[in-house]
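Me: I am new to reading structures like this one. Please take a close look at a single part of it, the one you think gives me a good way in, and tell me how that part sits among the rest.

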Amino acid sequence: MDRSIALRGLGTLLFCVAAAGCASVVPVPYSEMASSAYMAPDKSDARVPYRYSTPVDWRAYNKVILDPVVIYRGKDHQFGDMSAKDKATLAAHMQNCFADRLRGRFALVRDRGPNTLRIRLTLTGAVTNTPVLGTLSRFDVAGAVYNGVQAARDGEGTLTGSVIYGVEIFDATTSRLISAYVTKQYPGAYDIKATAGALAAATAGLDKGADALMAQLN
């Protein structure tokens with residue numbers, strides 16, 4: 001192999017590793033989320049670092065109230081310098097994709113009643129994709145090595161965005177909190193489509209998160 005190509009590949013690999021480390025955001029138990037006092041660290045799932053759960057028979061519920069998505073305003077938010085417009089875009093996508101998934105299992109309703117859940121989603125942070133470089137790093141030899149390792153362990157790809165949010169689930173009749181968690185979601189390390197566009201990875205993460213919620217509720 002030409003020495004200049006090898007050095008260029010090594011430089012790209014080092015850059016990608018450094019960039020991924022800088023861009024990676026670790027969720028916190030957001031102080032202004034009502035359920036934060038109930039949640040505890042959970043090491044069983046890398047994407048869900050904080051969780052609260054109670055024994056519940058999800059099949060006893062066939063209706064759901066989905067509250068409007070809340071954009072978190074607390075000082076411990078993790079949006080960085082993301083614009084208000086981008087936050088609103090993510091919140092709208094979140095509302096739609098979660099409603100679509102829930103509709104396949106529940107009747108979406110507005111009023112409290114028996115056999116009804118109420119779900120509150122709080123968008124607490126997000127990271128945008130790095131333009132162009134995020135996509136190119138999947139095709140560079142050295143970048144491919146790093147992303148291959150990340151894909152094998154369900155880790156984040158290089159220079160790729162993510163989204164962080166909280167989910168709180170209540171029994172609608174009693175208003176009792178029955179489940180809550182904070183989660184960080186991102187696309188697979190080799191999801192090329194999710195590298196195109198500043199918010200593509202974050203929206204792909206929301207889609208994955210909606211699927212994960214439905215797996216819990218089924």
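**A close look at helix H5**

Reply: Along its sequence the protein runs α-β-β-β-β-α-β-β-α-α-β-β-α. That string stands for five helices and eight strands; these are DSSP runs, helices being H or I over at least four residues and strands E over at least two, numbered from the N terminus. Before we zoom in, please keep in mind that this is a predicted model, in which local features need pLDDT of at least 70 and side-chain atom pairs count only at pLDDT 80 or more, while totals for chains, interfaces and linings use all residues. Residues are numbered from 1 along each chain as its sequence is written, and side-chain values use heavy atoms, leaving out hydrogens and water.

Two overall figures set the scene. The protein has 218 residues, and 48% of them count as buried; buried means under 20% relative accessible area, exposed means over 50%, and partly exposed is in between, using a 1.4 Å probe and protein chains only. Among contacts (heavy atoms within 4.5 Å) with a separation of 6 or more, 77% join residues 24 or more positions apart.

Now for the part I chose, helix H5. Let's come to H5 from the loop that leads there. Gly197 sits in that loop, between strand E8 (176-185) and helix H5 (200-217). Gly197 is partly exposed because its relative accessibility is 43%. Although 67 residues separate Gly197 from Thr130 in sequence, their C-alpha atoms are 8.6 Å apart in space.

How many residues does H5 have? H5 has 18 residues, and from its first C-alpha to its last it reaches 26 Å. That is close to the 26 Å expected at 1.5 Å a residue, where the expected span is 1.5 Å times one less than the number of residues.

Next, look at which residues of H5 are buried. At the start of the helix these include Ala200, Ala201, Ala202, Thr203, Ala204, Gly205 and Leu206. Further along, the buried residues of H5 include Gly209, Ala210, Leu213, Met214 and Leu217. A general point helps you read such a list: an α-helix has 3.6 residues a turn, so residues three or four places apart point the same way.

What covers those buried residues of H5? The cover includes helix H2 (84-103), strand E6 (116-127), strand E7 (162-171) and E8. Keep H2 and E6 in mind, for both come back below.

H5 also has a charged link to H2. Asp207 forms a salt bridge with Arg101, with 4.0 Å between the closest N and O atoms; a salt bridge is a side-chain nitrogen of Lys or Arg within 4 Å of a carboxyl oxygen of Asp or Glu. This pair brings together distant parts of the chain, since Asp207 is in helix H5 and Arg101 is in helix H2, 106 residues apart. Asp207 is partly exposed because its relative accessible area is 25%, and Arg101 is partly exposed because its value is 26%. The link does not stand alone: salt bridges with shared partners join Arg101, Asp207 and Asp211 into one network.

The structure holds six salt bridges, and E6, part of the cover of H5, takes part in another. There Arg118 forms a salt bridge with Asp67, the closest N and O atoms being 2.6 Å apart. Here too distant parts of the chain are linked: Arg118 is in strand E6, while Asp67 is in the loop between strand E3 (63-66) and strand E4 (70-71), 51 residues away. Arg118 and Asp67 are both buried.

Finally, look at two loops beside the strands that cover H5. Asn115 lies in the loop between strand E5 (107-108) and E6, and has a positive phi of about 60° although it is not a glycine. Asn115 is partly exposed because its relative accessible area is 38%. Ser175, in the loop between E7 and E8, likewise has a positive phi, near 65°, without being a glycine. Ser175 is partly exposed because its relative accessible area is 36%.

To trace this yourself, begin at Gly197 in the loop, follow the buried residues of H5 from Ala200 to Leu217, and then find Asp207 with its partner Arg101 in H2.
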